[in-house]
Amino acid sequence: HAIDIRTNNVIIHNVRFRADLVGDDALALLGATNVVIDHVSVSWGDDGNLDIIDSTDVAVESTIMAEYIGPGHSANARSNRVSYHHNLFSTQGGRAPAFGNGDGDIVNNVVYRNDINFQMAGFAALTQIGTNDQTQLSPPAKINIIGNYYKPGPVENTVNSQQVYTYSSAAGAGVYFSGNIGPGRPNNSLPETAIASLEGNIPV
């Protein structure tokens, strides 16, 4: 990783992070607690822009995550109580963000994507980081996905219109949707779950 945070009670404010090595994340939280990432710019991650691993009580707010090189913008594994709000995820086709487990909030973010090779942008992958990973992480993911706006780019393949991807077979996993807008749900007259591809046994 370009920068690792391995401590507690940290505020990162008004900083730009750029990865410059193959396989690097631009920024990683590893076993950190009580962290606020505020008004930060994170780009060029070859693995991903931001990883949050084995961490608790993290807020990512008013931050730009753009121009990732690897799988996506942000992934959470073995972490709990992670919140993303008022962020911009730009030019992406993968995780934005992905949750492996734990409680989380994804609120009032903007996702802009311009990638013809991907058909779905995942706000949350519940319980598993990937669709082929059968490992059940604890605690199971319980995610609030509220008021996010998804805008496709001019060359995006929109065959699949759902912007939220969820997958879980773990007892206790769940997701709450409210007020998300995108190609799959262009207005509030449609069901809250119209924006989502729901796989596995996920209460909504």
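This note comments on the predicted model shown above, point by point.

1. Overall make-up. The chain has 204 residues, and 51% of them count as buried. Its secondary structure consists of 20 strands and zero helices. Of the contacts between residues at least 6 apart in sequence, 60% join residues at least 24 apart. The exposed surface of the chain comes to about 8,700 Å², of which carbon and sulfur atoms supply 52%.

2. Pairing of strands β14, β16 and β19. Strand β16 covers residues 142–146, and strand β14 covers residues 103–107. These two strands run parallel and are joined by five bridges. Within this pairing, Ile106 has Ile145 of β16 as its bridge partner. Strand β16 also pairs with β19, again in the parallel sense and over five bridges. Here Asn144 stands opposite Tyr176 in β19.

3. The two faces of β16. Which residues of β16 point to the buried face? Ile143 and Ile145 do so, and both are buried. Lys142, Asn144 and Ile146 point to the other face and are not buried. The side chains therefore alternate along the strand, with buried meaning under 20% relative accessible area.

4. Val175 in β19. Strand β19 spans residues 174–178 and includes Val175. Is Val175 buried or exposed? Val175 counts as buried because its relative accessibility is 6%, and the cut-off for buried is under 20%. Val175 and Ile145 are 30 residues apart along the chain, and their C-alpha atoms are separated by 7.2 Å.

5. The largest nonpolar core. This core has 33 residues. Leu29, Ile37, Ile52, Val60 and Tyr84 are those with the most contacts inside it. The elements giving two or more residues to the core are β2 (8–13), β4 (25–30), β5 (33–38), β7 (48–53), β8 (56–61), β11 (80–85), β16 and β19. Among these elements, β4 gives the most, with three residues.

6. Surroundings of Ile52. With neighbours within four places in sequence left aside, what is Ile52 in contact with? The residues in contact with Ile52 are Leu29, Val58, Val60, Ser74, Ala75, Asn76, Ala77, Ser79, Val82 and Tyr84. Three of the names in this list, Leu29, Val60 and Tyr84, also appear among the residues with the most contacts inside the core.

7. Aromatic pairs around Tyr84. How many aromatic pairs does a search of the whole structure find? The search finds two. In one, Tyr84 and Phe89 are tilted, at 6.2 Å centre to centre and with 55° between the planes. Both Tyr84 and Phe89 are buried. In the other, Tyr84 and Phe99 are edge-to-face, at 6.0 Å centre to centre and with 85° between the planes. This second pair links distant parts of the chain, since Tyr84 lies in strand β11 and Phe99, 15 residues apart from it, lies in strand β13 (residues 98–99). Phe99 is buried, as is Tyr84. Together, Tyr84, Phe89 and Phe99 form one aromatic cluster.

8. A charge over a ring. The charged end of Arg18 sits over the ring of Trp44. The distance from this charged end to the centre of the ring is 5.7 Å.

Conventions. Residues numbered from 1 in each chain as written. Predicted model: local features only at pLDDT ≥ 70, side-chain atom pairs only at ≥ 80, totals over all residues. Heavy atoms only, no water. Helix = DSSP H or I, 4+ residues; strand = E, 2+ residues; numbered from the N terminus. Buried < 20%, exposed > 50% of the residue type's maximum accessible area, 1.4 Å probe, protein only. Pairing = 2+ DSSP bridges. Core = buried A, V, L, I, M, F, W, Y, C linked by side-chain atoms within 4.5 Å. Contact = heavy atoms within 4.5 Å. Areas by Shrake-Rupley, 256 points an atom, 1.4 Å probe, with all protein chains shown as cover. Phe/Tyr/Trp six-rings, centres within 6.5 Å; stacked < 30°, edge-to-face > 60°. Lys NZ or Arg CZ within 6 Å of the ring centre and 35° of its normal.
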